[in-house]
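Biologist: Please take a close look at one part of this chain and describe how it is placed, what its side chains do and how it relates to its surroundings. I should also like each term to be defined where it is used.

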Amino acid sequence: MNDMAARWLFRTWCAGVLAFLLVPIAAIVPLSFSSGSFLTYPLPGLSLRWYGEVLGGGKWLSALANSLFIGAAATVAALLLGTLAALGLARRRGATVAALKLLMLSPMIVPVILVAVGSYFFLAPLALTSSYTGLILAHTVIAVPFVVVPVLTALELLDPNLSRAAAACGAPPATAFFRVTLPAITPALASGALFAFAASFDDVVIALLIAGPEQRTLPREMFSGLRDSITPALTAVATIMICFSTALFLLMQAVQRRASRSAARRVG
């Protein structure tokens with residue numbers, strides 16, 4: 001097989017994999033513009049009625065506001081805790097450090113239902129179930145590993161001589177961190193923040209156990225809609241979530257490119 005045939009075979013394989021991943025998602029979008037009351041192909045007509053129902057107020061907009069608030073609060077808490085944990089574990093070796101790393105990554109490894117049940121039994125005696133505080137704490141638990149992994153990797157790859165050089169120039173530890181370390185790990189922080197927010201925004205299992213009527217998130221509202229009545233309003237919500245997730249990904253890419261250019265200019 002010559003090189004040309006191999007390249008075409010590779011491109012065909014990649015196109016097939018992308019189609020397998022994207023076609024089920026893309027099939028949702030046209031259904032959100034259906035003028036009918038059921039999920040059917042071909043579409044009986046085109047309409048924005050379902051977007052008007054979702055964005056016009058009521059339970060969907062309230063659930064979206066809850067998801068954004070809880071996701072943002074959990075992301076901020078996860079960034080703070082995950083970055084501090086990564087700073088404490090970076091460049092350290094030993095059985096204790098390995099055990100701590102495994103413990104911090106356990107919410108990413110164990111089934112989410114176990115995290116949800118454990119969070120419920122921890123928060124219930126504190127009267128934090130059916131509250132924003134309890135749900136934010138539970139979402140922070142599942143979001144922290146998504147911050148620890150990229151930030152810890154970035155810190156382990158960072159040249160330690162940079163901090164030493166800053167200290168040799170008279171910079172205190174705080175100044176060295178904010179002027180040297182923090183700019184270098186900004187792409188990792190952006191990546192961790194994105195995945196932490198996505199982990200919170202997409203959760204439904206923890207929300208089912210801990211959230212009360214006032215804390216109904218968007219995934220939980222969608223889950224309830226699937227049980228009660230399946231309408232194109234669900235596909236409109238799903239399309240909005242797809243667009244929102246894509247915008248977050250593009251924002252992360254822009255932050256990473258800007259940080260890379262800034263680092264290149266400093267090196268130059």
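Modeller: Leu 103 is exposed, because its relative accessible area is 58%; exposed means over 50%, buried under 20%, and partly exposed in between, with a 1.4 Å probe and protein chains only. This is a predicted model, in which local features need pLDDT of at least 70 and side-chain atom pairs count only at pLDDT 80 or more, while totals for chains, interfaces and linings use all residues. Residues are numbered from 1 along each chain as its sequence is written, and side-chain values use heavy atoms, with hydrogens and water left out.

Leu 103 lies in helix α5, the part chosen for this account. Helices here are DSSP runs of H or I with at least four residues, strands are runs of E with at least two, and both are numbered from the N terminus. The C-alpha atoms of Leu 103 and Pro 145 are 9.5 Å apart in space, although 42 residues separate the two in sequence.

The preceding residue can be taken next. Leu 102 also belongs to helix α5, and with a relative accessible area of 55% it counts as exposed. Leu 102 is one of the residues of a nonpolar surface patch of about 980 Å², whose other members are Met 108, Ile 109, Val 110, Ile 113, Leu 114, Val 117, Tyr 120, Phe 121, Val 149 and Leu 209. A patch is built from residues with over 30% relative accessible area and no salt bridge; nonpolar side chains (Val, Leu, Ile, Met, Phe, Trp, Tyr) are joined within 5 Å, like charges within 9 Å. The accessible areas come from the Shrake-Rupley method with a 1.4 Å probe, and for residues only the protein chains shown count as cover. Helix α5 spans residues 95-109 and α6 spans 112-123, and each supplies at least two residues of the patch. The largest share, five residues, comes from α6.

Helix α5 also takes part in a charged contact. Side chains of opposite charge can pair when their charged atoms come close. Lys 101 forms a salt bridge with Glu 156, the closest N and O atoms being 3.4 Å apart; the term requires a side-chain nitrogen of Lys or Arg within 4 Å of a carboxyl oxygen of Asp or Glu. This pair links distant parts of the chain, since Lys 101 sits in α5 and Glu 156 in α7 (residues 132-157), 55 residues apart. Both partners are accessible to a degree: Lys 101 is partly exposed at 23% relative accessibility, and Glu 156 is partly exposed at 33%. The whole structure holds two salt bridges. The other pair is Glu 221 with Arg 216, at 3.0 Å from N to O. In that pair Glu 221 is buried at 8% relative accessibility, whereas Arg 216 is partly exposed at 22%.

From α7 the description can be carried in two directions. Towards α6, the loop between α6 and α7 contains Ala 127 and Ser 130. Most residues other than glycine have a negative phi. Ala 127, which is not a glycine, has a positive phi near 60°, and Ser 130 likewise has a positive phi of about 55°. Ala 127 is exposed, with a relative accessible area of 60%, while Ser 130 is partly exposed at 44%.

In the other direction, α7 meets α10. Two packed helices are described by the angle between their axes and the distance between the axes. The axes of α7 and α10 come within 8 Å and cross at roughly 160°; axes are lines fitted to C-alpha atoms, for helices over the stretch in contact, and angles run from 0 to 180 degrees between N-to-C directions. The two helices are therefore roughly antiparallel, a label for angles over 145 degrees; under 35 is roughly parallel, 65 to 115 roughly perpendicular, and the rest oblique. The crossing of α7 and α10 is right-handed, meaning that the near helix is turned clockwise from the far one by less than a right angle, while an anticlockwise turn would be left-handed.

As for the whole, the protein has 13 helices and zero strands. Of its 268 residues, 34% count as buried.
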